[in-house]
Amino acid sequence: MGPKIAANFANVKRAERSALAASLALRLHARASLTSKLVPGTALCLPTTPCVAPVRGHVDYDRSGTGYLPRTLCLCSIAGLGGLPQLNLPHVTAAGLPCGVSLLGGPD
C-alpha cells in the first residue's frame, strides 16, 4: 500500500470507539437504504468515476471534496458500503479517453 493509504489505516487505529460505532451505524443505515431501493433482480447504472481518468502520475489527492480522489470514492465506495456487487464496464469516450460505466446489483 502507498503512504496515503497506510496513513488512512493509522487514523482508523487511533479513532475512538464511539466514533467507530457511529460509523458502523451509518454504514448499516446506508446498506438498508440501498437494499430497499435495489430490489432483487435489479441493477443501478452509474458512472464508475466522475470524469475521465487523470494522466498517469498526476492524480489529484485534494481531499476537500472537489478533487478527483474524493469524487471518485463517492462513486466507487457505494458497492462496498452497501455490501452489493458492482461490475465495471470499460468504455471509451468520443475523445478517446478511458471511462467506465458501473452496474450495481441488487441483493440476492
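How many disulfides does the structure hold? The count is zero. The model on screen is predicted, and the tour below moves from the cysteines to the sheet and then to the nonpolar core.

**Cysteines.** Select C45 to begin. Its relative accessibility is 52%, and C45 is therefore classed as exposed, the cut-off being over 50%. Select C51 next: with a relative accessibility of 31%, C51 counts as partly exposed.

**The sheet.** Display the strands as a cartoon. Three of them form an open sheet, arranged in the order β1-β3-β2 and paired in antiparallel fashion. At the edges lie β1, residues 43–47, and β2, residues 86–92, each of which has a pairing partner on one side only. Viewed against one another, neighbouring strands of this sheet are turned by 25° on average, direction ignored.

Now select residues 98–105, which constitute β3. This strand runs antiparallel to β2, and seven bridges join the two. For a specific position along this pairing, highlight L89 and V101: L89 stands opposite V101, the latter belonging to β3.

**The nonpolar core.** Select L34, L38, L46, L75, A79, L84 and L104 together and show their side chains. These seven residues make up the largest nonpolar core.

Within that selection, centre the view on L38. Which residues is L38 in contact with, leaving aside its neighbours within four places in sequence? The contacts are A43, L44, L84, L104, G105, G106 and P107. Of these contacts, L84 and L104 are also members of the largest nonpolar core, as is L38.

Key: Residues are numbered from 1 along each chain as its sequence is written. This is a predicted model: local features need pLDDT of at least 70, side-chain atom pairs count only at pLDDT 80 or more; totals for chains, interfaces and linings use all residues. Side-chain values use heavy atoms; hydrogens and water are left out. A nonpolar core is a set of buried Ala, Val, Leu, Ile, Met, Phe, Trp, Tyr and Cys residues joined through side-chain atoms within 4.5 Å. Buried means under 20% relative accessible area, exposed over 50%, partly exposed in between (1.4 Å probe, protein chains only). Contact means heavy atoms within 4.5 Å. Two strands pair if DSSP finds at least two bridges between them. Helices (H or I, at least four residues) and strands (E, at least two) are DSSP runs, numbered from the N terminus. Axes are lines fitted to C-alpha atoms, for helices over the stretch in contact, and angles run from 0 to 180 degrees between N-to-C directions. A disulfide is a pair of cysteine sulfur atoms within 2.5 Å.
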